[in-house]
Structures are given as C-alpha cells and as structure tokens.
Amino acid sequence: MNHTMQAQRVNRMAPWAAYVLVGIGALLMLAPFYFMFVFATHSRSEIFSLPPPLWFGDDLMNNIAILTKRLPFWRNLGWSLYVGLASTALTLLFCSMGGYAFAMFEFRYKKALFALVMGTMLLPSFMNMIPSFMIMDLLGWIDQPRALYIPGAASAFGIFLMRQFVSSSIPRELVEAARMDGCSELGIYARIVLPLLKPALGTLGLIAFIASWNNFIGPLVVMRSPDMYTLPLALRSLQSPVDTEWGALMAGSALATLPLIVLFVLCSKQLISGLTVGAVK
C-alpha cells in the first residue's frame, strides 16, 4: 500500500518537476534578451555600475541619437531588409523548384546529384570565404547587395526540406493526372505544386529571412563602405577597444532584434507545422 501511494505521489510530482525545469531553462535563455533591452535604456556608466541596472532607464532616446550619429543606422536597416527579402524570395523560388525536381522527376545521376547537394552541408562556412570573395571580385560585385543574396539562393537545406515535403505530401498521381490533361511542367509547378507547398514555403521563408538578417560573415567578406553595411556588420563597427558606447550598441541590437521577435511570434505555429508536416500520415 505504501509503495502504491509513493508511486502515485511521484506520478503527480513528475509533471510539476518538468514544468519547473523547463521554466528555469526558459528564464536562462530569455535573460540575455531582457538585459539587452534594459541596457538599451541606460548610459555606459550605468551599465558598468555595481550592481548593474535590472530595470529600464531613461536614456533610450539619447542612445539612439548616439547610434544614428555614429552610423547610418536607418540606411543599414534598409539594406538588411532589402537583402533579407530578396534572399528569402530567391530561396523560396529555387529551392521549391529543386525540391520538386528531385522528388517528382527521374533523370540520370539523380541520386548522385542529390548526394552532392547534401554534401555541401558538411562544409564549414569559413571554407567558403576566400572562394566567395574571389568570385564576387571577378564578377565586380564587391560592395554590392546582390553579392549577399544571389550566391546562397539555392541552399542545400532548403532543397532538402522541399524535397521531403513534396515526397510526403503531394501525390505523384496528382502530377501525372495534370500531365495527362495537357498541363505543362511549368504550369504544374505554378498551379498545383506551389499552392500545396504553402506550409513548407512559410517555414523555409522564415528560416531564410532570419539567416539573412543575422548574416555577419557574408557582409564582412564583400562589403567595404559603411553605407552598404547590413545591421550585424554595422553594429560590430560601432565597437572599439577604448570608446564603445555600449548603451547605443545595445539600443541598436534591440532595434535589430525587434523585427525578428515579432516575426517569430507571428509565424511560430507556421514554423512548427511546416517542420512536422508529413511526419505522421
């Protein structure tokens, strides 16, 4: 009897223990974001005071004024938005085409080509820095935004995600029926495949936009003029060994993070459904 009661007590306590553990983990993950927003409203001297400020201050507008004085911040924000949208649009187009082709077409060396595409995911990003710079310099794209969104338009992850979604969620018979009715391959892709790909396209679009927005290595390699910097590189240029305005830097980081937070809150369900669709038939 005692063993039964103890087992029931443990079963009742287990969910609460899990909730407490998850809550502690969530607090630890959210703490850097909280302090970033708090420090964005304080001066540099207040940030480095002991104990550091734990609540919001009154220096937000002053920090933004310092930020816009030292950087063409709003221009950098505009370039980040332009590059992010262009990169997302091209990624959705080419990856959906590639995933559809690998899922529905039969052609010579199909498996070898797909393995080659997947193999590119194994390469560390720093290995591409010198070849990327040489190619962009050869094309005359140094200090041009197109150098940031065209090279990565057909990502291996995006092609893989689209292929898996097409294979699991679009019946091959539907495509064959459209062909028998005389629909062209481009018409099948535009009228049948793309509407059915909306969940996966939403997920991939969110991932692609966040990756482009946070991209630091790409602009570091090909951008030269401060007016052409995207936000990560522009904020990094604000740092110096002796005279970093940390309040202004935190304000810029907070402004750069806000669009991603809003986007993730609005699209989190879409992201989860797109990643899990097809897992259970």
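A residue counts as exposed when its relative accessible area is over 50% and as buried when that value is under 20%, with partly exposed in between. The structure discussed here is a predicted model, and that yardstick comes up throughout. W55 is a handy place to start: its relative accessible area is 60%, so W55 is exposed. F56, at 38%, falls between the two cut-offs and is therefore partly exposed.

These two residues also bring up the aromatic side chains. Searching the whole structure turns up 13 aromatic pairs. In the pair made by W55 and F56, the ring centres are 5.1 Å apart and the planes meet at 75°, so this one is edge-to-face. F102 and F107 also pair up, but as a tilted pair, with 6.0 Å from centre to centre and 50° between the planes. As for accessibility, F102 is buried because its relative accessible area is 11%, while F107 has 34% and so counts as partly exposed. Back at W55 and F56, the ring pairs reach further: they link Y34, F35, F39, W55 and F56 into a cluster.

Rings also turn up beneath charged side chains. R163 sits over the face of F114, 4.4 Å from the ring centre. R179 does likewise with F105, lying over the ring face at 5.2 Å from its centre.

R179 has a part in the salt bridges too, of which the count is 4. R179 bridges to E176, and the closest N and O atoms of that pair are 3.1 Å apart. Both belong to helix α9 and are 3 residues apart, so about one helical turn separates them. In general, an α-helix has 3.6 residues a turn, so residues three or four places apart point the same way. Both partners are partly exposed: E176 because its relative accessibility is 34%, and R179 because its relative accessible area is 24%. The story doesn't stop at two residues, since E176, R179 and E185 are linked in a network of salt bridges.

Another salt bridge joins E106 and K110, with 3.3 Å between the closest N and O atoms. Here the two ends fall into opposite classes. E106 has a relative accessible area of 64%, so E106 is exposed, whereas K110 comes in at 15% and therefore counts as buried.

R44 and E245 make a salt bridge as well, their closest N and O atoms being 3.9 Å apart. This pair ties together distant parts of the chain, 201 residues apart: R44 is in helix α2 (residues 44-47), and E245 is in the loop between α13 (231-237) and α14 (246-276). With a relative accessibility of 30%, R44 counts as partly exposed; E245, at 15%, is under the 20% cut-off and so counts as buried.

Finally, helix α10 covers residues 185-196 and lends itself to a quick check of its length. At 1.5 Å a residue, its 12 residues should span 16 Å, and the end C-alpha atoms are indeed 16 Å apart, so expectation and model agree. The expected span uses one less than the number of residues. Within α10, the buried residues are G187, I188, Y189, I192 and V193. What covers them includes α4 (73-104) and α9 (172-180). That second helix, α9, is also where E176 and R179 are found.

Technical notes
Residues numbered from 1 in each chain as written. Predicted model: local features only at pLDDT ≥ 70, side-chain atom pairs only at ≥ 80, totals over all residues. Heavy atoms only, no water. Helix = DSSP H or I, 4+ residues; strand = E, 2+ residues; numbered from the N terminus. Buried < 20%, exposed > 50% of the residue type's maximum accessible area, 1.4 Å probe, protein only. Contact = heavy atoms within 4.5 Å. Phe/Tyr/Trp six-rings, centres within 6.5 Å; stacked < 30°, edge-to-face > 60°. Lys NZ or Arg CZ within 6 Å of the ring centre and 35° of its normal. Salt bridge = Lys/Arg side-chain N within 4 Å of Asp/Glu carboxyl O.
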